[in-house]
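Please open the structure in a viewer and keep the selection tool at hand. The tour proceeds from one selection to the next and states what is found at each stop.

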Amino acid sequence: MTPDAIAQIKRSHAAIAATPRQLSARFYEELFTTAPGLRRLFPGDLTALQGHFEAALALIIRNLDEMDALAESLRDLGAQHVHWGARPEDYTTARDALVAAIRGLSPDWTPALEHDWRAAITAIIVPMLQGAAVHTAVVAEQIAADAAEAG
Ligand code: HEM
C-alpha cells in the first residue's frame with residue numbers, strides 16, 4: 001500500500017472509531033446476515049468480543065506502515081481462529097462484511113477508499129490464514145511423530 005493510501009485508511013478509520021462499538025456492531029450484523037451459519041461459532045453476547053475486535057483493528061491500522069512487525073501476532077491470531085472454527089473461505093466473507101460495514105458508516109466513501117480498505121484487510125487476513133495453515137501443519141507433524149514413536 002502506498003503511504004497516501006495508508007493515510008486515507010487511517011483518516012477513514014479514525015472517523016468511524018470515534019464512536020466505540022459502531023464498527024464492530026455493524027461488522028457482525030453484516031457477517032451474520034451474509035453467512036448466518038457462522039453465528040453459532042460466536043458467543044451469544046458479543047459485547048466483549050466487539051471490544052477485542054475493535055482494539056485489534058485499531059492496533060493494526062495504527063501499524064499499517066509496518067505490517068511486518070505485526071505479522072507474527074496476526075499468524076498467532078489465525079492459529080487461534082482454527083480452534084474457533086474459522087475456515088479459509090470465511091476470511092473473504094469477513095473481509096466483505098468489514099468493507100460493507102465501513103462503507104455503511106462512511107459518508108465520504110469512494111471507489112478508491114474501497115480499494116484501499118480491501119487491500120488493508122487483505123494484508124490482515126493473509127498472515128492470519130498463513131498462521132492457521134502453519135498451525136495445522138505442526139499438528140500434522142506431531143501426529144506423524146507420535147505414530148512413528150508408537151511404532
Ligand atoms: C479480519 C479478520 C479477523 C480479525 C481481525 C479477527 C479478530 C478477532 C479477535 C481480535 C478476536 C478476539 C480474540 C480474543 O478475545 O482473544 C476474535 C475472536 C473470534 N473470531 Fe475473529 N477475526 C477475524 C476473522 C474471523 C473469521 C473469518 C472468523 C470465522 C467465522 C472469526 C471468528 C471468530 C470467533 C468464533 C472468535 C471467538 C469468539 C469467542 O470468544 O468464543 N474471526 N477475532
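A salt bridge is a side-chain nitrogen of Lys or Arg within 4 Å of a carboxyl oxygen of Asp or Glu. This is a predicted model, in which local features need pLDDT of at least 70 and side-chain atom pairs count only at pLDDT 80 or more, while totals for chains, interfaces and linings use all residues. Residues are numbered from 1 along each chain as its sequence is written, and side-chain values use heavy atoms, with hydrogens and water left out.

**First stop: salt bridges**

Select Asp 96 and Arg 118, whose side chains meet in a salt bridge with an N to O distance of 3.0 Å. This pair links distant parts of the chain, since Asp 96 lies in helix H5 and Arg 118 in helix H6, 22 residues apart. Helices are DSSP runs of H or I with at least four residues, numbered from the N terminus. Now add Arg 103 and Glu 114 to the selection: salt bridges that share partners join them with Asp 96 and Arg 118 into one network.

Next, select Arg 87 and Asp 90, which form a salt bridge whose closest N and O atoms are 2.8 Å apart. Is each partner buried or exposed? Buried means under 20% relative accessible area, exposed over 50%, and partly exposed in between (1.4 Å probe, protein chains only). Asp 90 counts as buried because its relative accessibility is 8%, whereas Arg 87, at 43%, counts as partly exposed.

Move to helix H2 (residues 22-34), where Glu 30 and Arg 26 lie four residues apart, about one turn of the helix. Their side chains meet in a salt bridge (3.8 Å, N to O). In total, the structure holds seven salt bridges.

**Second stop: the ligand**

Select the ligand and the 17 residues that surround it, each with a heavy atom within 4 Å of it. The closest are Leu 41, Phe 42, His 52, His 81 and Ala 86. Display His 52 first: a polar atom of its side chain lies 2.7 Å from an oxygen atom of the ligand. Then display His 81, where an N or O atom of the side chain is 2.9 Å from a nitrogen atom of the ligand.

Finally, colour the helices. Helix H3 (47-62), helix H4 (71-83), helix H5 (88-104) and helix H6 (111-150) each supply at least two residues of the shell around the ligand. Which helix gives the largest share of the shell? Helix H3 does, with four residues.

Methods: Polar contact = N/O pair within 3.5 Å; in protein donor to acceptor, adjacent residues only side chain to side chain.
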